[in-house]
Structures are given as C-alpha cells and as structure tokens.
Amino acid sequence: MKLTKHNLNKMKLILRITLILFIAFSGINNLSAQKDKAKRKSPPVSVSQTIDDLNITINYGQPAVNGRVIYGELVPYDQVWRTGANEATTITFDKDVLINGSDLLGGGTYSLFTIPAANGNWVVIFNKVADQWGAYDYKQESDALRINVKATKNKNIVEKLNFVINKSGTVVFSWEYLTFSFNVSAS
C-alpha cells in the first residue's frame, strides 16, 4: 500500500478503533474478574467496626472446612499462613493503634499473617506489605508487629473461616475447632 495522506488517515482511524475496542474489552474483563472473585470457593469477605473514633476493617478469603483436617495438614504448623484464602488477609486502621498493648504506629493497611502452633501458642503478624498473594512473597523484615496469642478449642465446628470485630475492640478469629483473639485500641 502506498503511503498517502488518505491511507495514513485510514491507518489512524483503524488504530483509534482498535484502541477503543481494546479499552472497552479491558473494562469488561476487569468487571468479569471482580465478579469471578465472588464465585471463588473461598469468596472475599469484609468486616468493619468503629470503636470510639477508630475504624478497623478486615478483608479476607473465606474458606470452608469441607470435611478436611485443617490444622497440621491443610494449614501446616510452624509456618507463616495467610490466615484466610487467596490474597493475603488485610487489616486496616485509620490511625495509630495498640494491639494487645503493643504499638502499631502508622495507620494504614497491613497483611495479617499467623504462625499456627500445635500447642496453641500462635504468632499473629502485621506485615507492611498488604498487597500480596497468599504468603508466597512474605518477608519477615517487612513485619510491623508480631504478637503472641493463645488459640483455644471451640466446642462446635465453625465451618467457614470467620473474623468478628467486637465493639470493645476485640478481634476474634474462628475456624474449624480453633479460635484466638487480640485487642485493638487507639494509641
């Protein structure tokens, strides 16, 4: 094809149409991806609470037990776990907080990891890198705070992993036959 002003204008028009179609289909794909998250086996869940003037939000993937042995098998002991499914669980504070009396300075969003232990002495980790998939890229040097908690046995099974934030500032985690909690307050 000979490069004339007319042909150049045609090529520009084709390029513009292609770009518009690309942008339109990209938006559709993004919407589809968002809808697909809700269809996951472990759908995304968000829980929030305001305590005085402190806002707390936890976002996590909610797996179910589905007859599986969770602790020691699906979730290994003594290894960093995302404390949920899919993306790392995140916890957001809108100001500095105390977690079980320890300072977590700098409100913001943290990934929430745990290290489960067979003896019930778990470690809860607040990591500065919030946007990560699972615990695959977890780096201890990015931890903002680690606390120790005691996981206790539930009498009844909790089929779906669950976080609750009480109005008193207690964050309660429950799944399968285990539960643990920690306290949050403004610093």
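**Sheet pairing, core and a buried threonine in a predicted model**

Strand 4 (residues 97–99) pairs with strand 5 in the antiparallel sense over three bridges, where strands are DSSP runs of E of at least two residues, numbered from the N terminus, and two strands count as paired if DSSP finds at least two bridges between them. Within this pairing, L98 stands opposite D103 of strand 5. The structure is a predicted model, in which local features need pLDDT of at least 70 and side-chain atom pairs count only at pLDDT 80 or more, while totals for chains, interfaces and linings use all residues. Residues are numbered from 1 along each chain as its sequence is written, and side-chain values use heavy atoms, with hydrogens and water left out.

Strands 4 and 5 belong to an open sheet of four strands in the order 5-4-10-9, with antiparallel pairing. Strand 5 (102–104) and strand 9 (152–165) stand at the edges with a single partner strand each, so one side of each is left without a neighbour in the sheet. From one strand to the next, the twist averages 45°, with axes taken as lines fitted to C-alpha atoms and angles running from 0 to 180 degrees between N-to-C directions. Over the chain, the secondary structure comes to one helix and ten strands, helices being DSSP runs of H or I of at least four residues.

Buried residues, those under 20% relative accessible area with a 1.4 Å probe and protein chains only, make up 39% of the 187 residues in the chain. The largest nonpolar core, a set of buried Ala, Val, Leu, Ile, Met, Phe, Trp, Tyr and Cys residues joined through side-chain atoms within 4.5 Å, has 35 residues, and those with the most contacts inside it are F93, I99, F126 and F182. Strand 10 (residues 170–186) gives the largest share of this core, seven residues. A second, separate core of six residues includes A88, I115, I125 and Y138. Leaving aside neighbours within four places in sequence, F93 is in contact (heavy atoms within 4.5 Å) with residues including L54, I56, I99, F126 and V184.

T83 is found in the loop between strand 2 (54–61) and strand 3 (85–93), and T83 counts as buried because its relative accessibility is 0%. The side chains of T83 and T114 are joined by a polar contact of 2.9 Å, a term for a pair of N or O atoms within 3.5 Å of which, within protein, one must be able to donate a hydrogen and the other to accept it, residues adjacent in sequence counting only if both atoms are side-chain atoms. Not counting residues up to four places away in sequence, T83 touches T89, L112, F113, T114, L161, F163 and F173.

How values were computed: Buried < 20%, exposed > 50% of the residue type's maximum accessible area, 1.4 Å probe, protein only.
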